[in-house]
Amino acid sequence: MYHLIQRIVQQDQLHARWLNTLSFLENAGARKISACEDNTLVEIIQLKHAAEEHRHAYILKKQISKLAPAACPDYSNAHLFAPVSTRQYLAMLDIRCSRYLKKVFGLNGAQLRYAAYLFVTYLIEVRADELYPVYQRALSEASHSVTVKSIIAEEEGHLEEMTAQLSRFSDDWEAHAEVLQEMEQVLFHQWLGSLESELAHA
């Protein structure tokens, strides 16, 4: 993954699309968190997570101006890396996690949406804790003006918060998280493969 990102940050147009793709994923995550909210029983931690994911999307989007001010004005396919795979990654993760949680815990409706929020958000935070430091390493080694250090700090806090919430949800949440992590890894590597394929023809 490092060599892939290292190549991307060396070319402003590719880098702008990378930032826009990450911004799209952060925004999609924020929207999914909001969609999981109950009409009345909304915890402050959910509001915090949604707000911070939206801010991450904004931070990433704003930094495109350091590379190519007119690039990537929106999230249309032309401005994303591997747009089909990018759009499917979170959507399929949510679907597969929801199916698993419904089967194992017998949940439906608002309870299922909340459980999916907990586990999907946890999985995404684990992935972010791996991806963003690799990206920052490539940026630092290139002495780049773009930075994701503030996002890294907040994602680490998110992971701790999700772990605490999952501990309250189920005593054996870690066993279920391991199963779901295997699903996420498959989807992530499919996405990464799509990026590599697109870069090979760039």
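1. Leaving aside its neighbours within four places in sequence, Thr-86 is in contact (heavy atoms within 4.5 Å) with Thr-21, Phe-24, Leu-25, Phe-81 and Trp-191. Thr-86 itself is placed in helix α4, where helices are DSSP runs of H or I with at least four residues, strands are runs of E with at least two, and both are numbered from the N terminus. Its relative accessible area is 1%, and Thr-86 is therefore buried; the word buried stands for under 20% relative accessible area, exposed for over 50%, and partly exposed for what lies in between, with a 1.4 Å probe and protein chains only.

2. On the basis of the values: this is a predicted model, in which local features need pLDDT of at least 70 and side-chain atom pairs count only at pLDDT 80 or more, while totals for chains, interfaces and linings use all residues. Residues are numbered from 1 along each chain as its sequence is written, and side-chain values use heavy atoms, with hydrogens and water left out.

3. The axes of α4 and α7 come within 10 Å and cross at roughly 165°, the axes being lines fitted to C-alpha atoms, for helices over the stretch in contact, with angles that run from 0 to 180 degrees between N-to-C directions. That angle makes α4 roughly antiparallel to α7, in a scheme where under 35 degrees counts as roughly parallel, over 145 as roughly antiparallel, 65 to 115 as roughly perpendicular and the rest as oblique. The crossing of α4 and α7 is right-handed, meaning that the near helix is turned clockwise from the far one by less than a right angle, whereas an anticlockwise turn would be left-handed.

4. Among the residues that α4 brings to its contact with α7 are Pro-83, Thr-86, Tyr-89, Arg-96 and Phe-105, and among those on the α7 side are His-176, Met-183, Phe-188, Trp-191 and Glu-198. By class, this contact of α4 with α7 has 15 nonpolar, five polar and three charged residues, where Ala, Val, Leu, Ile, Met, Phe, Trp, Tyr, Cys and Pro count as nonpolar, Asp, Glu, Lys and Arg as charged, and the others, Gly among them, as polar.

5. Helix α7 also packs with α2, at an angle of about 160° and with the axes 13 Å apart, so α2 and α7 are roughly antiparallel to each other. In this pair α2 passes α7 in a right-handed crossing. The α2 residues Leu-14, Arg-17, Trp-18, Thr-21 and Leu-25 meet Trp-191, Leu-195, Glu-198 and Leu-199 of α7, and the residues of this contact divide into six nonpolar, one polar and two charged.

6. The largest nonpolar core has 64 residues, and those with the most contacts inside it are Trp-18, Tyr-132 and Tyr-135; such a core is a set of buried Ala, Val, Leu, Ile, Met, Phe, Trp, Tyr and Cys residues joined through side-chain atoms within 4.5 Å. The elements that give two or more residues to this core are α1 (2–9), α2 (12–35), α3 (44–62), α4 (83–105), α5 (109–141), α6 (149–169) and α7 (173–200), and α5 gives the most, with 16 residues. Leaving aside neighbours within four places in sequence, Trp-18 is in contact with Ile-5, Ile-8, Phe-81, Leu-131, Tyr-135, Trp-191 and Leu-195.

7. Helices α1 and α5 pack at an angle of about 45°, with their axes 9 Å apart, and they are therefore oblique to each other. Here Tyr-2, Ile-5, Gln-6 and Val-9 in α1 meet Val-134, Tyr-135, Arg-137, Ala-138, Leu-139 and Glu-141 in α5, a contact whose residues divide into seven nonpolar, one polar and two charged.

8. Ala-30 is found in helix α2 and is buried, with a relative accessible area of 0%. Although Ala-30 and Glu-53 are 23 residues apart in sequence, their C-alpha atoms are 5.2 Å apart in space. Apart from neighbours within four places in sequence, Ala-30 is in contact with Ala-50, Glu-53 and His-54.

9. Two loop residues deserve a look at their backbone. Most residues other than glycine have a negative phi. Cys-72, in the loop between α3 and α4, has a positive phi of about 50° although it is not a glycine, and Cys-72 is buried, with a relative accessible area of 5%. Ser-143, in the loop between α5 and α6, likewise has a positive phi of about 50°, but Ser-143 is exposed, with a relative accessible area of 66%.
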